[in-house]
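Student: Please take one part of this model and go through it closely. I would like to look at the surroundings of the ligand, and then at whatever sheets can be described.

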Amino acid sequence: MSTKTFDVVVIGGGPGGYIAAIRAAQLGFNTACIDEWSNDEGGPAPGGTCTNVGCIPSKALLQSSEHFEHAGHSFADHGIGLDNLSIDVRKMLSRKDVVVKQNNDGIHYLFKKNKVTFFHGRGSFVGASDGGNWEVAVGDARLVAKNIVVATGSSARALAGAPFDEDRILSNDGALRIGEVPRTLGLIGAGVIGLEMGSVWRRLGSDVNVLEGLPTFLGVVDEQIAKEAHKAFTKQGLKISLGVKVGEIKAGDSGVTVDYTDANGVAQRLEVERLIVSIGRVPNTTGLNHEAVGLKLDERGAIVVDDDCRTNLPGVWAVGDVVRGPMLANKAEEEGVAVAERIAGQHGHVNFNTIPWVIYTSPEIAWVGQNEQELKAAGRAYKAGTFPFMANGRARAMGDTTGMVKMLADATTDEILGVHIVGPMASELIAECVVAMEFKASSEDIARICHAHPSLSEATKEAALAVSKRTLNF
Ligand SMILES: Cc1cc2nc3c(=O)[nH]c(=O)nc-3n(C[C@H](O)[C@H](O)[C@H](O)COP(=O)(O)OP(=O)(O)OC[C@H]3O[C@@H](n4cnc5c(N)ncnc54)[C@H](O)[C@@H]3O)c2cc1C
């Protein structure tokens, strides 16, 4: 058994952990990062859920399926003829695997460049050691450090009585590996992950049925934007049932049956070839041996932290999906940077009000700040401006005119309180709005900034103009 001493040991190599490790190393700390994720050959695959079975592979498949959909539906409008359109799912999946591996390799490279020592295996607390240090075991090695950053992420939550078999009943992992286009696909949970996965397979030809327990569609999204998205998804053929109560689920050789009660209280049965269950995620603390050191968890099993990601133990920090807050890679990364800077005595900070959210469906949905229902609930006086992509020249040229930009600003000061977008490239358009909110811009500021023409970003400017009822192009 060998014992190695570091300044900082990070447990978990997802976006929270690997970014914390790189930033700590940049700040001059002797840093180690432990990650247990293995690729199909058993080798290390740093990058966590995000890189291996989350953000990156889902976007690779969304891109492939979007090409397929465009080739099948909209190319003809451009005068491009394509006879015998086909999809080779194996090839699509192997392209996705190549993209994932490029990202795994990129993290190895970054660790080398920044002199982060990487350990492949499970990190677990052994206990406290001398001089305010903590001891962590990984394989035969013992790592000792004053500062530990726990970034162990989250895993898909299974439905009681319907464990994932990754063949018929699929988590996000299995949903990214389906070897042929299922004729019928069921989805439990109309959240971000469910809608993205449902979109991939619907575009490739599956008949997709989505069952959602909540009575409202995308309750976290601005109501007007969610309504617009629901209309678009329904038009595309996604069948979404809200307010359902799922009962027994049975998986057989050829498919899955789901018994449920619909919103009117009528018993229904859904029979599908495959079922994706996407009902939320649980924080990962299994194997961490947190009990050995008394690391405090909340009732959801998340590590309890304060605003600066400090746990109840001195020198032990936690970031990302394993703590409170939105389960987003960009939030995990920001917390990773902030913690490394705090360890260095700096003032790292995450502004939760300016974290952008994106759903990479088509149309994309993106938002930052508060939505209209939140402002109403808080009794805040606000002004709203919307601008439809239908009136945007670039969107017309692209042939992608669904949706709108909606801007909300304080009724008195005009400070932007939130921006909500459903439409083409919403994921990119939201960046301008995040910057504006970070700099406490007013809608007038955005309205007076010169935007390139023709560009989708002009819709943001026009929504800002609409706040003071002076849109120019609508
Ligand atoms: C299908 C899907 C699509 C998504 N798309 C997006 C998106 O587009 N944008 C976005 O922002 N977010 C997206 N997310 C969410 C995003 O993946 C997570 O928020 C993000 O990965 C959290 O980062 P993390 O570092 O906290 O944890 P993770 O990425 O889960 O990484 C944790 C790592 O720690 C390892 N680990 C756990 N315990 C131990 C231990 N004891 N010892 C060693 N290693 C350990 C795990 O194996 C894993 O490698 C998506 C998620 C899914 C499932």
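Tutor: The model is a predicted one. Five elements each give at least two residues to the shell around the ligand: helix H1 (15-26), strand E2 (31-35), helix H2 (48-53), helix H3 (55-74) and helix H8 (329-343). H2 has the largest share of that shell, with 4 residues. There are 37 residues around the ligand, and those that come nearest are Asp35, Thr49, Lys59, Gly123 and Ala329. By class, the shell consists of 17 polar, 14 nonpolar and 6 charged residues.

Three contacts to ligand oxygen atoms can be listed individually. In aspartate 321, a side-chain N or O atom is 2.8 Å from an oxygen atom of the ligand. Alanine 329 takes part through its backbone, where an N or O atom lies 2.8 Å from a ligand oxygen. Asparagine 330 has a polar side-chain atom 2.9 Å from an oxygen atom of the ligand. On its own the ligand has 990 Å² of accessible area, and the protein covers 95% of it.

Now the sheets. One is an open sheet of 5 strands with antiparallel pairing, in the order E18-E19-E22-E21-E20. Its edges are strand E18 (357-359) and strand E20 (382-388); each has a single partner strand, so one side of each lacks a neighbour in the sheet. Ignoring direction, neighbouring strands here are turned by 10 degrees against each other on average. E20 pairs with strand E21 (residues 404-410) over 7 bridges, in the antiparallel sense. Within this region, lysine 383 stands opposite alanine 409 in E21.

Two helices contact this sheet. Helix H11 (residues 426-438) lies across E18, strand E19 (364-369) and strand E22 (416-423), and runs at about 10 degrees to E19. Helix H13 (residues 457-467) packs on the sheet as well, where H13 touches E20 and E21, its direction making about 140 degrees with that of E20.

Another open sheet has 3 strands, ordered E12-E13-E14 and paired antiparallel. Strand E12 (245-251) and strand E14 (267-272) are at its edges, each with a single partner strand, so one side of each is left without a neighbour in the sheet. From one strand to the next, the twist averages 20 degrees. Strand E13 (residues 256-261) pairs with E14 in the antiparallel sense over 6 bridges. Aspartate 259 stands opposite arginine 269 in E14.

Technical notes: Residues are numbered from 1 along each chain as its sequence is written. This is a predicted model: local features need pLDDT of at least 70, side-chain atom pairs count only at pLDDT 80 or more; totals for chains, interfaces and linings use all residues. Side-chain values use heavy atoms; hydrogens and water are left out. A residue is near a molecule or strand if one of its heavy atoms lies within 4 Å of it. A polar contact is a pair of N or O atoms within 3.5 Å; within protein, one must be able to donate a hydrogen and the other to accept it, and residues adjacent in sequence count only if both atoms are side-chain atoms. Accessible areas come from the Shrake-Rupley method with a 1.4 Å probe; for residues, only the protein chains shown count as cover. Ala, Val, Leu, Ile, Met, Phe, Trp, Tyr, Cys and Pro count as nonpolar, Asp, Glu, Lys and Arg as charged, and the others, Gly among them, as polar. Two strands pair if DSSP finds at least two bridges between them. Axes are lines fitted to C-alpha atoms, for helices over the stretch in contact, and angles run from 0 to 180 degrees between N-to-C directions. Contact means heavy atoms within 4.5 Å.
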